[in-house]
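This report walks through one protein–DNA model, from a helix in the protein to the DNA surfaces and the aromatic pairs. Keep the structure open while reading.

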Amino acid sequence: MVLYDELKINPVKQKKTAGGARTTREEELAKLAPLHPIINDILGYRELQKLLSTYIEKMPAQIGEDGRLHAEFLQTGTTTGRMGCQNPNLQNIPIKSEYGRRIRTAFSAPNGRVLAALDYSQIELRIAAGLSGDKKLVQIFKSGGDVHAAVAAQVFNVPPELVDHEMRRRAKVINFGILYGMGVNALRANLGASVTRDEAATYLSEYFKNFSGLARFIEHTKAEAARLGYTETLFGRRRYFAGFKSSIQGLRAQAERMAVNAPMQGTQSDIIKLAMVEADAVIEKRGWRERAELVLQIHDELVYELDEKIAEEAARAIRDVMESVAPRDLLSGVPILAEASMGKDWGTMKKLPR
DNA sequence: TTAGATAGCGCG
DNA sequence: AAAGCGCGCTATCTAA
């Protein structure tokens, strides 16, 4: 018990799975690491085994006669309008860990070609700003710069130059959480053990005090979703929710969170689809039909295979398309920006300067 | 032996 | 965990 106290571990409150068993998921297991060295060994094993069984051992057998992996992209596979991908899923190829990124290097362009990855930067948060018209958030995006740092300055009420790393990190967690309809408890869990529930509550209230336009938009979205039974993206595409009719509070709350997220994730998926269509038209018009091919779509990112001779020009052109298909006038003037990077393989990409 | 459910984890 | 959104895949266990 002394040991537990010193380590600030509560031996009683162990998280349970849906089936009632004590969970062994990474986040909970990691808390036990100070108790025995085997914990970190187990977590390390888990990471490698996941990469091994899901990617390294499976992918080679799925390569076709043409030397390529052919996934199935589903155009009606999600509730929000995103694409799905299966057999194999190429939308979840590792990148976050060191070993994961190494797996990505196995995806490479044939001779004479390069891969170009073009991704929208913070697009869902920009859409949140644009749809809500929140004055401060719109201004932050209009003036460019670091959105997480700028939000930190507001939430923690300090001048921008006094925003430190930890404040920025916390603001980033909050920014992401907003997009998912996150509440106080989830926010606290994501901010880490050093933050109390009261602190998390304060952050959330400071956030919505500063970004009151966004707060109103979120409340309006919930209310309309409950009243009408659906939400709409910027382009009017609807998603219906059955949960609001439920007599079970948990299901109604879940419907609210889904409804908050749907317009933002949905508008994002609309925009990248417009970009895919328009980029194809540009490729045709520029005579690049045989020299520029879309190979992957990963929600906010397009991956093209480009002939080396036109790679930079084509990447810039596609980037311009991605940025211009987003109707800025309908998004409170918030700019939608995309970044391009290129390389021989997917794990080693170099950013393309503007 | 197979199908379905569960736990866990890869990605945006 | 999920009172944090959206996916698909693997390993494992249970039931048929």
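A residue counts as buried when its relative accessible area is under 20%. The model is predicted.

**Helix 13**

By that cut-off, the buried residues of helix 13 are Ala311, Ala314, Ala315, Ala317, Ile318, Arg319, Val321, Met322 and Glu323. What do these buried residues pack against? Their partners are strand 3 (113–120), helix 12 (249–285), strand 7 (301–307) and strand 8 (338–345). Helix 13 covers residues 311–324. Its 14 residues should span 20 Å at 1.5 Å a residue, and the end C-alpha atoms are 20 Å apart, which agrees.

The loop between helix 13 and strand 8 holds Pro335. Pro335 counts as buried because its relative accessibility is 10%. Its C-alpha atom is separated by 6.9 Å from that of Phe141, although the two residues are 194 residues apart along the chain. Leaving out residues up to four places away in sequence, Pro335 touches Arg126, Phe141, Lys142 and Arg328.

**DNA strand B**

The surroundings of DNA strand B comprise 22 residues. Thr17, Gly19, Thr24, Lys96 and Asp300 come nearest. By class, this surface has six nonpolar, nine polar and seven charged residues. Helix 3 (residues 38–56) gives the most to it, with three residues.

Which parts of DNA strand B lie within 4 Å of the protein? Of those atoms, 80% belong to sugar or phosphate, and the rest to bases. Individual polar contacts reach both kinds of group. The side chain of Lys50 has an N or O atom 2.8 Å from a base oxygen of DNA strand B. The side chain of Asn92 places an N or O atom 2.9 Å from a base nitrogen of DNA strand B. Ile95 uses a polar backbone atom, 2.8 Å from a phosphate oxygen of DNA strand B.

**DNA strand C**

Around DNA strand C there are 29 residues. Thr23, Arg25, Tyr180, Ala186 and Asn190 come nearest. The classes here are seven nonpolar, 14 polar and eight charged residues. Of the DNA strand C atoms within 4 Å of the protein, 69% belong to sugar or phosphate and the rest to bases.

The table lists polar contacts to phosphate oxygens of DNA strand C.

| Residue | Protein atom | Distance to a phosphate oxygen of DNA strand C |
|---|---|---|
| Lys15 | backbone N or O atom | 3.4 Å |
| Thr79 | polar backbone atom | 3.1 Å |
| Arg239 | side-chain N or O atom | 2.8 Å |

Helix 3, strand 2 (84–86), helix 9 (184–191) and helix 12 each give two or more residues to the surface near DNA strand C. The largest share, four residues, comes from helix 12.

Arg239 also appears among the contacts of Thr231. Thr231 sits in strand 4 (residues 230–232). Its relative accessible area is 7%, so Thr231 is buried. Beyond its neighbours within four places in sequence, Thr231 is in contact with Thr221, Ala225, Arg237, Arg238, Arg239, Phe241, Ala259, Ala262 and Pro263.

**Aromatic pairs**

How many aromatic pairs does a search of the whole structure find? It finds six. One of them joins Phe107 and Trp346. Their ring centres are 5.6 Å apart and their planes stand at 75 degrees, so the pair is edge-to-face. This pair links distant parts of the chain, 239 residues apart. Phe107 lies in the loop between helix 4 (98–104) and strand 3, and Trp346 in the loop between strand 8 and strand 9 (348–351). Phe107 counts as buried, at 18% relative accessibility. Trp346 is buried, with a relative accessible area of 4%.

Phe156 and Tyr203 pair too. Here the centres are 5.1 Å apart and the planes at 80 degrees, so this pair is edge-to-face. Phe156 belongs to the loop between helix 7 (147–155) and helix 8 (165–179), and Tyr203 to helix 10 (residues 197–210), so the pair ties together parts that are 47 residues apart in sequence. Is Tyr203 buried or exposed? Tyr203 is buried, with a relative accessible area of 9%.

Finally, one aromatic cluster is formed by Tyr207, Phe208 and Phe211.

How values were computed:
Residues are numbered from 1 along each chain as its sequence is written. Chains are lettered from A and ligands numbered from 1 in the order in which they are written. This is a predicted model: local features need pLDDT of at least 70, side-chain atom pairs count only at pLDDT 80 or more; totals for chains, interfaces and linings use all residues. Side-chain values use heavy atoms; hydrogens and water are left out. A residue is near a molecule or strand if one of its heavy atoms lies within 4 Å of it. A polar contact is a pair of N or O atoms within 3.5 Å; within protein, one must be able to donate a hydrogen and the other to accept it, and residues adjacent in sequence count only if both atoms are side-chain atoms. Ala, Val, Leu, Ile, Met, Phe, Trp, Tyr, Cys and Pro count as nonpolar, Asp, Glu, Lys and Arg as charged, and the others, Gly among them, as polar. The expected span of a helix is 1.5 Å times one less than its number of residues. Buried means under 20% relative accessible area, exposed over 50%, partly exposed in between (1.4 Å probe, protein chains only). Contact means heavy atoms within 4.5 Å. Rings of Phe, Tyr and Trp (its six-membered ring) pair if their centres lie within 6.5 Å; planes under 30 degrees apart count as stacked, over 60 as edge-to-face and the rest as tilted.
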